[in-house]
Amino acid sequence: MSALADNATEAQRVAHHDQKKNKKVLYLIHQGMNDEMLEQIEGATIASEAFIILSTNYKGDDKIKRVCLQTLRR
C-alpha cells in the first residue's frame, strides 16, 4: 500500500483509510485460521470475500452443534 500524498483530496483520504481498515481486518481473519482454512481464503483480496468463503464453509456448523448437544444430553 502506498503512502498518502500531502495534497490528497478528501475522497483519496477516505479511500486510503478504507483500504487500510480492510487490510487490517483481513490480517486479523488470517491470524485466526488454521492451516486448512487459511488455504481456502488465501486468495481473498478483501475482507468481505474471506467472510463469504468462511460463512459458506461453516454454514452447517450450528446444526452439527445442536445434534452433538442433544446426543450428549441423552
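Student: At what angle do H1 and H3 pack, and how far apart are their axes?
Tutor: This is a predicted model, in which local features need pLDDT of at least 70, side-chain atom pairs count only at pLDDT 80 or more, and totals for chains, interfaces and linings use all residues. Residues are numbered from 1 along each chain as its sequence is written, and side-chain values use heavy atoms, with hydrogens and water left out. Axes are lines fitted to C-alpha atoms, for helices over the stretch in contact, and angles run from 0 to 180 degrees between N-to-C directions. For H1 and H3, the angle is about 30° and the axes are 8 Å apart.

Student: Which residues of H3 do Asn22, Val25, Leu26 and Ile29 in H1 meet?
Tutor: Helices are DSSP runs (H or I, at least four residues), numbered from the N terminus. Contact means heavy atoms within 4.5 Å. The four residues of H1 meet Ala47, Ala50 and Leu54 in H3.

Student: How many nonpolar, polar and charged residues has the contact of H1 with H3?
Tutor: Ala, Val, Leu, Ile, Met, Phe, Trp, Tyr, Cys and Pro count as nonpolar, Asp, Glu, Lys and Arg as charged, and the others, Gly among them, as polar. By these classes, the contact of H1 with H3 has six nonpolar, one polar and no charged residues.

Student: Is valine 25 buried, partly exposed or exposed?
Tutor: Valine 25 belongs to helix H1, residues 10-31. Buried means under 20% relative accessible area, exposed over 50%, and partly exposed in between (1.4 Å probe, protein chains only). Because its relative accessibility is 36%, valine 25 counts as partly exposed.

Student: Why are His16, Leu26 and Ile29 placed on the same side of H1?
Tutor: These three residues of H1 are buried. The arc is that of the directions from the helix axis to the C-beta atoms. The three lie on the same side of H1 because they cover an arc of only 150° around the axis.

Student: Which residues are exposed on the other side of H1?
Tutor: The buried residues of H1 pack against helix H2 (35-41) and helix H3 (47-57). On the other side, the exposed residues are Glu10, Lys24, Leu28 and Gln31.

Student: What arc do the buried residues Ala47, Ala50 and Leu54 of H3 cover?
Tutor: Ala47, Ala50 and Leu54 are buried in H3. They sit on the same side of H3, because the arc around the axis is only 65°.

Student: In which helix is confidence lowest?
Tutor: pLDDT is the predictor's confidence in each residue, from 0 to 100. The protein has a mean of 84. Confidence is highest in H1, at 92, and lowest, at a mean of 73, in helix H4.

Notes. Helices (H or I, at least four residues) and strands (E, at least two) are DSSP runs, numbered from the N terminus.
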